[in-house]
Amino acid sequence: MKLNNKRKIAQVAAFAVSNLGIARILQTGFVCPFLYCDGCPFAAFGCPIGVLQNFIKDGQLPLFTIGSLGVYGTLFGRAFCGWTCPLGTLHDLLSHSNRRRQIKTRNRWFVKYGILFLTLALAWLALDTVFCKFCPSGSLFASIPYHLLNPGVSVGRPFYVHMFTLALTLVLALLISRFWCRFLCPMGAIAGVFNKVSMVSISLDEEKCKKCDVCLEACGMGITRLEDIGSSTDCILCGRCVEACALKALSFTVKK
């Protein structure tokens, strides 16, 4: 089976598992390794960024959440972004549909870390989950389903704010490949830290590599250097570069 098809199956399976909360007995106390709003009527897991904000505003240390994110990152790095994140999957679909017209732009790795710092700082200063009020994942997977299931509930300003941020994110995703993942996602910032130490990675066989850069052209995350594949905080280990390399110079590896 082609790697692309395996990735699609993983993305569909992850979305299904994320919504197992449709049966209340399957609503767990765990956090998922990607953005998925626990405000979704069917969510089986907690959103890691939402949980972190709640602990911060309550003045508590989220040891279990931090430990969980540490385990996810140490095992898989940022691979969850490329293989399971529902919002990332939507970005893939939008990027593929408009690939020829997309704007080429350089990555600014520090932007997503600025968003992460601002997210946590605002939770402490405002004593509220400020990020959740603008999160496009919450807009798509929580706000819209909630109002579809509860048509009698009036729509107010928070809903319109969510719709605006969602629309803006989708438009920018059409113009810039994986826009949200590259520049704004605080969960991506956390997971990206682990890419250099994660057990699962992508390795380059320099003897086979002819420096043709076909792998870099296939990258949806805008990586521009061979040495950044698998280790950069921007790499989501999606495997598009592995698929693109006809010389088999790139491959997934599991570190011992």
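**Exercise 1. State the exposed area of the protein chain and the share that carbon and sulfur atoms supply.**

Solution. The protein chain exposes about 13700 Å². Carbon and sulfur atoms supply 67% of that area. Accessible areas come from the Shrake-Rupley method with a 1.4 Å probe.

The model is predicted: local features need pLDDT of at least 70, side-chain atom pairs count only at pLDDT 80 or more, and totals for chains, interfaces and linings use all residues. Residues are numbered from 1 along each chain as its sequence is written, and side-chain values use heavy atoms, with hydrogens and water left out.

**Exercise 2. List the elements of the protein chain in order, then judge its compactness.**

Solution. Start with the count: 12 helices and two strands. Helices (H or I, at least four residues) and strands (E, at least two) are DSSP runs, numbered from the N terminus. The order from the N terminus is α-α-α-α-α-α-α-α-α-α-β-α-α-β. The radius of gyration is 18 Å, close to the 18 Å of the globule rule for 256 residues, so the chain is as compact as a globular protein of that length. The radius is taken over C-alpha atoms, and the rule is 2.2 Å times the number of residues to the power 0.38. Along the principal axes, the C-alpha atoms fill a box of roughly 60 × 40 × 35 Å.

**Exercise 3. Find the share of buried residues and the share of contacts that join residues at least 24 apart.**

Solution. Of the 256 residues, 47% count as buried (under 20% relative accessible area, 1.4 Å probe, protein chains only). Next, take contacts (heavy atoms within 4.5 Å) between residues at least 6 apart in sequence. Of these, 73% join residues at least 24 apart.

**Exercise 4. Identify the best-connected members of the largest nonpolar core.**

Solution. A nonpolar core is a set of buried Ala, Val, Leu, Ile, Met, Phe, Trp, Tyr and Cys residues joined through side-chain atoms within 4.5 Å. The largest has 23 residues. L35, Y36, I49, F131, W180, M187 and I190 touch the most other members. α2 (48-57) and α10 (186-192) each supply at least two residues of this core. α10 gives the most, with four. Now take F131: beyond four places in sequence, F131 contacts L35, I49, Q53, T119, W180 and P186. Another core, of 17 residues, lies apart from the largest one; A79, C209, C235 and C245 are among its members.

**Exercise 5. Locate D228 and decide: buried or exposed?**

Solution. D228 sits in the loop between α11 (214-218) and α12 (240-244). Its relative accessible area is 18%, so D228 is buried. Leaving out residues up to four places away in sequence, D228 touches I223 and C235.

Methods:
Buried means under 20% relative accessible area, exposed over 50%, partly exposed in between (1.4 Å probe, protein chains only).
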